[in-house]
Amino acid sequence: MYLAIAIQLSIICIIQAAAQGDTQVCSGCCTAPAGIPGIPGSHGNPGGPGPIGMKGHVGEKGEKGNQGSDGRDGLPGKIGPIGLPGATGEKGGKGEKGEQATTNSQPKSAFSVGYNVNPGRHPVSPMKYPLVITNFGNNYNKETGKFVCRHPGIYVFQFTSGSDSSNTNMITSIKKNGQHIVSAYEFGSGHKSASNMVVLDLVANDEVWTEPFGTSYNYYFSNSNIYCSFSGFLLYASA
């Protein structure tokens with residue numbers, strides 16, 4: 001309906017325009033009333049981008065900001081080269097006087113005994129050395145041939161046994177309280193010598209001596225040159 005009205009109004013305007021040449025008086029009376037508003041048109045397509053504007057002026061420098069928080073620790077760096085030696089320092093002052101040393105109170109015990117006569121074929125029993133060379137502390141008993149411990153501690157014992165050519169076999173042992181500890185063995189013709197040494201941990205009244213191993217190994221020889229001997233000493237006392 002609105003479209004038909006619009007067409008009619010358009011026709012009337014055309015007729016009025018044709019008649020304007022004949023008279024101007026009639027223009028006022030022939031003016032048509034305002035028409036009804038037309039239907040809104042559809043939206044147009046978006047416009048294209050405009051030209052790039054000119055570069056603006058550099059702004060003024062801003063004020064200094066507040067200090068930021070500390071960052072995280074970085075990774076450890078590589079070890080640097082060794083530096084040059086430093087200068088020699090000044091000599092230090094004299095130290096304080098030390099405490100006076102105390103006298104060593106450790107007990108002492110040592111002995112050496114031997115055969116200055118020929119023992120020959122010795123029975124299987126403690127060897128009783130008749131010659132006492134040293135008996136510091138008097139812990140070797142010449143009558144029994146045994147060393148008796150009076151000071152507990154670590155002891156060292158050593159023996160040497162000799163034999164002549166006519167007697168062929170010889171084994172000597174160190175015994176502690178009747179228990180075999182170590183031995184030395186020699187056999188064959190000619191003059192022979194055998195020796196051994198041992199370190200023992202002794203307590204009070206322990207006994208140590210030398211003894212032939214058996215009746216087939218008890219041929220000895222000695223004289224004033226002392227080819228058969230037995231020695232021992234306290235290395236250090238127990239606490």
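**Close-up views of a predicted model**

**View 1. The chain as a whole, in a predicted model.** Read along the sequence, the elements of this predicted model follow the pattern α-α-β-β-β-β-β-β-β-β-β-β, which amounts to two helices and 10 strands in the chain. Of the 239 residues in the chain, 26% are buried. Among contacts with a separation of 6 or more, 70% join residues 24 or more positions apart. The chain exposes about 18,100 Å², and carbon and sulfur atoms supply 56% of that area.

**View 2. Leu202 and the residues around it.** Leu202 lies in strand 8, which spans residues 192–202. Because its relative accessibility is 1%, below the 20% limit for a buried residue, Leu202 counts as buried. Leaving aside residues up to four places away in sequence, Leu202 touches Phe147, Cys149, Pro152, Gly153, Tyr155, Phe157, Lys176 and Val208. One of these partners, Cys149, is 53 residues from Leu202 in sequence, while the C-alpha atoms of the two residues are 6.9 Å apart in space.

**View 3. The salt bridge between Glu207 and Lys146.** A search of the whole structure finds two salt bridges, and one of them joins the side chains of Glu207 and Lys146, with an N to O distance of 3.5 Å. The pair links distant parts of the chain, since Glu207 belongs to strand 9 (residues 207–212) and Lys146 to strand 4 (residues 146–148), with their positions 61 residues apart in sequence. Glu207 has a relative accessible area of 27% and is therefore partly exposed, a class that lies between 20% and 50%.

**View 4. The salt bridge between Lys175 and Glu211.** Here the side chains of Lys175 and Glu211 meet in a salt bridge, at 3.2 Å from N to O. This pair also links distant parts of the chain, with Lys175 in strand 6 and Glu211 in strand 9, 36 residues apart. Both Lys175 and Glu211 are buried.

**View 5. Asp164, a buried acidic residue without a salt bridge.** Asp164 is found in the loop that runs between strand 5 (153–163) and strand 6 (169–176). Although Asp164 is buried, it has no salt bridge, and the nearest side chain of opposite charge, that of Lys192, is 6.2 Å away; a salt bridge is counted only within 4 Å. With residues up to four places away in sequence not counted, Asp164 touches Gly190, His191, Lys192 and Phe221, so that Lys192 appears both as a contact of Asp164 and as its nearest oppositely charged side chain.

Notes. Residues are numbered from 1 along each chain as its sequence is written. This is a predicted model: local features need pLDDT of at least 70, side-chain atom pairs count only at pLDDT 80 or more; totals for chains, interfaces and linings use all residues. Side-chain values use heavy atoms; hydrogens and water are left out. Helices (H or I, at least four residues) and strands (E, at least two) are DSSP runs, numbered from the N terminus. Buried means under 20% relative accessible area, exposed over 50%, partly exposed in between (1.4 Å probe, protein chains only). Contact means heavy atoms within 4.5 Å. Lys and Arg count as positive and Asp and Glu as negative; His and the chain ends are not counted. Accessible areas come from the Shrake-Rupley method with a 1.4 Å probe; for residues, only the protein chains shown count as cover.
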